Amino acid sequence: MSVTNQNAKAVQLQALEMAREYIENNQEIPNEISHILFPPEKREYELTYWGKESREQILSQTIPVPLQEDRIFPPNATVNSNEWINKLIFGENLQILKTLIQMKKDGKLKNTDGTDGVRLIYIDPPFATRQEFKVNGEEQVAYADKLSGAAFIEFIRKRLILARELLTDDGSIFVHLDNKMVHYIKVIMDEVFGKNNFQREIIWQLSGVSGFKSLAENFVRGHDTILYYSKSNNRIFNKEFLPYSEKQLKRFSSVDEDGRRYKSITKEKRLYLDTAKGVPVSDVWQDIASFQTIVNSPEIVNYPTQKPEKLLYRVINSTTNIGDLVLDFFAGSGTTPAVAEKLGRRWIAVDVGKYSIYTIQKRLLQINNIRPFMLYSGGLYDAEKLNKFDNENWKLFALQLWNCQVVKNTIRGLEFDGEKDNCLVKVYSPQELKKDNMKISYETISEIDVILGGNVGNEIFIIAPQGQFTFAEDEVEIKDRIYHILRVPYSMLAKFTENFTPPKQPRDIDSVNEIVDSVGFDFIQPPQVDFKIVKNTLQIKKFRSNSRIKGEQKTELAMVLIDYNYNGEIFDIDDILYNKDLYVKNTKTKESQLKKSIKIKTINKKAMFIFIDNAGNEKRVVIDGTK
């Protein structure tokens with residue numbers, strides 16, 4: 001160790017001892033000591049906060065999730081296997097972003113011109129600005145964002161780091177925020193994309209601001225902010241122009257010998273009205289009305305935080321061309337994919353909420369001549385469809401199901417696919433087993449043990465489809481080595497997936513955009529529902545979720561979605577009942593219990609009810625109102 005390094009170490013140890021004294025005295029550690037213990041990276045500036053991970057950690061440790069095909073829309077549409085299909089994805093966006101990065105690397109994420117990656121990303125993430133409000137006389141919180149402060153900033157930063165990897169070199173990203181968090185996210189975006197790639201801070205003036213805002217003893221907040229960054233200086237930008245106002249038209253007061261109106265720019269240069277394009281759009285957008293003033297617009301889908309299509313028309317038109325790929329991973333009401341579809345762009349829309357997915361599905365199917373799109377699930381899987389994955393994705397699914405790292409190893413000619421707790425993992429896919437016409441027996445395990453000899457650890461994991469083993473044990477011991485047998489989908493699931501966090505569903509309209517990190521995989525476990533319809537009331541006698549949610553959170557009904565005119569093919573959402581509509585607090589026990597009856601519309605035709613628990617599991621029931 002050099003003298004310099006020795007001195008640096010001595011200074012750090014001294015600072016550590018000083019920090020200990022401050023902690024023991026319940027005092028805050030001074031900045032000068034913190035900087036010695038936790039030296040900032042050598043940048044001009046950065047946002048420092050507790051829990052901030054390195055870029056390398058985020059890229060390497062984020063778990064990708066295979067995309068399981070659910071169904072294609074419109075029904076019976078056909079698509080060539082080599083042809084691009086637009087994607088609507090249900091699942092946690094962080095893990096899905098990691099999957100999309102791998103798709104880009106594999107050449108499966110292309111624009112029409114053959115470029116790999118996404119040309120444009122637009123996101124309208126939750127703003128994390130709400131405080132906890134208590135209902136008068138009650139203890140429960142009426143609504144609250146689960147992430148705020150540093151946790152929210154890191155939540156967004158992780159996704160921005162992955163998003164940058166997805167962009168083409170000439171791609172752009174727009175992040176829609178309000179005034180509470182925009183300044184923090186601006187600093188984060190300077191870090192992630194480079195401050196030289198900051199293009200504009202766009203001010204979207206919210207027209208018709210009224211109501212409680214106008215009662216505030218302050219200036220009335222009247223705008224949202226959209227941060228516009230590019231990945232590099234080589235970006236696509238299509239300049240847009242607005243029509244001249246009457247005042248501006250009057251400036252074309254001169255007329256030449258041919259009768260053409262113009263205005264003089266310089267002594268030698270003229271701008272003719274018949275060739276003028278109009279006024280270039282500035283970074284203050286006053287011409288796009290918010291839904292506060294267009295409440296009767298046919299595009300309104302009654303989804304919280306929905307943005308007008310004209311806003312996305314400008315974003316998409318300005319920074320993409322026909323056939324370019326557009327991504328929104330906080331898709332919400334589906335404005336981005338709807339506008340991308342109408343403008344002839346390719347698109348991917350991701351959201352963790354079932355209400356969002358069904359809203360987007362309905363909205364897209366109302367577009368004339370809609371191109372085929374596929375609905376996928378990433379993170380919550382139908383076990384019966386697992387074997388439809390190809391060899392590569394089945395192995396990825398199996399590895400990540402038990403939180404294994406994807407690490408390829410070859411030992412004495414035997415290939416291993418991953419590692420778990422520093423132990424080797426061997427995966428047998430359905431395709432491999434079928435190709436070799438084999439099942440896994442004691443002899444198979446013994447052969448593996450002979451090949452490995454004494455050069456590896458005392459634990460090995462073997463993963464294969466359920467039913468492909470000739471024995472029933474979950475562990476096989478040979479001498480001092482244990483082989484853990486993991487059957488997909490069910491064997492030892494609880495033991496090896498303890499860190500799973502489900503994609504939690506909203507319980508009321510105020511929590512539709514609540515943000516909670518979801519980690520890992522789970523299988524669809526339809527809840528059990530005992531109910532009946534009496535005239536225009538829904539009477540739920542019993543509800544039982546089979547979800548593996550852990551901890552204090554109860555597995556209740558998150559919502560009931562209803563299609564009052566189900567056509568037998570496509571669920572077309574007409575109504576939504578939230579948790580607060582379904583439950584009431586017991587005055588004695590203070591526990592929530594199902595209401596005896598909930599008002600619904602009269603059912604005269606076939607109707608479909610979808611009962612959804614906290615984790616996104618569904619129970620679908622068709623009611624025939626004609627009988």
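**View 1. Ile533, a partly exposed residue in strand S26**. In this predicted model, Ile533 has a relative accessibility of 25% and therefore counts as partly exposed, since that class begins where buried, under 20%, ends. Its strand, S26, covers residues 528-534. Setting aside residues up to four places away in sequence, you will find Ile533 touching Leu538, Ile600, Ile603, Phe609 and Ile623. Ile623 is worth a second look: 90 residues separate Ile533 and Ile623 in sequence, yet their C-alpha atoms are 8.6 Å apart in space.

**View 2. Helix H10 and its surroundings**. Helix H10 spans residues 335-342, and seven of its eight residues are buried, so the rest of the structure largely encloses it. Those buried residues are Thr335, Thr336, Pro337, Ala338, Val339, Ala340 and Glu341. Look around them for the elements that provide cover, which include strands S2 (86-91), S3 (118-123), S15 (325-328) and S16 (346-351). Helices H9 (309-319) and H11 (354-365) are also among the covering elements. After H10 comes Gly344, with a positive phi near 75°.

**View 3. Where H9 meets H10**. The axes of these two helices come within 9 Å and cross at roughly 60°. H9 and H10 are therefore oblique to each other, and H9 passes H10 in a right-handed crossing. On the H9 side, the residues in contact are Glu309, Leu312, Tyr313 and Ile316. Their partners in H10 are Thr335, Thr336, Ala338, Val339, Ala340 and Lys342. By class, this contact has six nonpolar, two polar and two charged residues.

**View 4. The largest nonpolar core and the contacts of Val488**. This core has 67 residues, of which Leu160, Ile173, Leu327 and Val488 touch the most other members. Helix H5 (residues 149-166) supplies the largest share, nine residues. Apart from this core lies another, of 34 residues, with Phe174, Leu206, Leu312 and Ile367 among them. To explore around Val488, leave aside its neighbours within four places in sequence; its contacts then include Leu386, Trp394, Phe397, Ala398, Leu401 and Trp402. Ile463, Ala464, Pro465, Gln466 and Phe523 are in contact with Val488 too.

**View 5. Three loops with backbone features to look for**. Begin in the loop between strand S1 (68-73) and S2, where Pro74 is found. A cis peptide bond, with omega about -15°, joins Phe73 to Pro74. Next, Asp421 lies in the loop between strands S20 (414-420) and S21 (423-427). Although Asp421 is not a glycine, its phi is positive, about 50°. Asp421 is exposed, with a relative accessible area of 61%. Finally, turn to the loop between strands S23 (475-478) and S24 (481-488), which holds Lys479. Lys479 is another residue other than glycine with a positive phi, here near 55°. Lys479 counts as exposed because its relative accessibility is 74% and exposed means over 50%.

**View 6. The protein chain as a whole, to place the close-ups**. The protein chain contains 16 helices and 34 strands. Of its 627 residues, 48% are buried. Among contacts between residues at least 6 apart in sequence, 68% join residues at least 24 apart.

Key. Residues numbered from 1 in each chain as written. Predicted model: local features only at pLDDT ≥ 70, side-chain atom pairs only at ≥ 80, totals over all residues. Heavy atoms only, no water. Buried < 20%, exposed > 50% of the residue type's maximum accessible area, 1.4 Å probe, protein only. Helix = DSSP H or I, 4+ residues; strand = E, 2+ residues; numbered from the N terminus. Contact = heavy atoms within 4.5 Å. Axes fitted to C-alpha atoms, helices over the stretch in contact; angles between N-to-C directions. Parallel < 35°, antiparallel > 145°, perpendicular 65-115°, else oblique. Left-handed = near helix turned anticlockwise from the far one by under 90°. Nonpolar A, V, L, I, M, F, W, Y, C, P; charged D, E, K, R; others polar. Core = buried A, V, L, I, M, F, W, Y, C linked by side-chain atoms within 4.5 Å.
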